[in-house]
Amino acid sequence: GRVPGQFDYMNKWQPEAASDSRIGHEDRGRKRKKEIIDFKKEEGNYRVEDIAKDKAMEDKAAKLIDFKKMNAQRLKQECWFCLDSIRADKRLVAAMGNKVYLALPAKGALAEGHCLIVSMEHRSSVRDFDQEEMQEVRNFKKSLIRMYDAKGKYPVFMESVLRLGKHRHTYIECVPVENEDAEICFWNELDKAENEFKTSSKRVISTKGKSLQSVIPEHFAYFHVECGLDGGYLHLIEDEERWNPNFGREIVGGLLESDNFGRMKRSNANKEVLKMKDFLDAFQPHDWTVALDGGAY
């Protein structure tokens, strides 16, 4: 029969009434079980129910947890967008909040003023952002909208979240366009894509007037676009093999009448310096971060 106080496949954890001699052992067991459950919530792809009853499998689960933690640390050390990683190019950072920063793309810029909003923490999607991060994202969007408006242009904010299992660092692409009907163009293309996929359920969801984080299902690949601050459209991606990872960039390329959306060659250092200078000249009058401690230019 099942040993009292043991975790098995079919039954919940039901510890035996503890005697004084077992209190220390049970405390350690509860602490370890909590660590495993917390890890499940973080990763979303490890089932506590799969932990076998015997000690050997519990040790194996502990080793797997340690391995995944080590792998997550390695990802951060080699990430292009984690500022303390060996690959991050801080010369591309245009402005920094407390938890979110603004940067120019290292390659693949679609237009003058194209930039990225990035969390300093290694986040796989906006769904994982905390409240302060979401507020700073909104602040950067406000600043960019004012900057684009000064040049008679309209904002497009896009996020593509693919291959969640790879834990890639997400970012929001911000591109100015001259077409004020950009949102309609995106809606038409998303509707067309949904019809091509012939899904039985609705996969294009309006995020207008809603919290984006409350709309995005957990562990789901998606594409989100908005052309302002009031929300836009979310497309849930069921079949990543059939989804075009350049979907948003191609539409923006069409709006800009440019075929530059697929080019990912990096500019030389001198051109990057000039691009940053031009960007800062336009952005600084609208930069919300100057109000932060140490934020003045």
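This report covers the cysteines and one strand, with its pairing partners, in a predicted model.

## Cysteines without disulfides

The number of disulfides in the structure is zero. Cys79 takes part in none, and its nearest cysteine sulfur, in Cys82, lies 3.8 Å away. A disulfide needs two cysteine sulfur atoms within 2.5 Å, so a separation of that kind does not qualify. Cys79 has a relative accessibility of 8% and therefore counts as buried.

Cys115 has Cys174 as the holder of its closest cysteine sulfur. The two sulfur atoms are 4.3 Å apart, which means they are too far from each other for a bond. Cys115 is also classed as buried, because its relative accessibility is 0%.

## Strand 4 and its cover

Strand 4 spans residues 154-161. Of its eight residues, six are buried, so the strand is mostly covered.

In a regular strand, side chains alternate between the two faces of the sheet.

## Partners of strand 4

Which strands pair with strand 4? One is strand 5, residues 172-177, which is joined to strand 4 by five bridges in the antiparallel sense. Within this pairing, Tyr154 has Val177 of strand 5 as its bridge partner.

Another is strand 7, made up of residues 221-226. Strand 7 and strand 4 also run antiparallel, with five bridges between them. Here Glu159 stands opposite His224 of strand 7.

Key:
Residues are numbered from 1 along each chain as its sequence is written. This is a predicted model: local features need pLDDT of at least 70, side-chain atom pairs count only at pLDDT 80 or more; totals for chains, interfaces and linings use all residues. Side-chain values use heavy atoms; hydrogens and water are left out. Buried means under 20% relative accessible area, exposed over 50%, partly exposed in between (1.4 Å probe, protein chains only). Helices (H or I, at least four residues) and strands (E, at least two) are DSSP runs, numbered from the N terminus. Two strands pair if DSSP finds at least two bridges between them.
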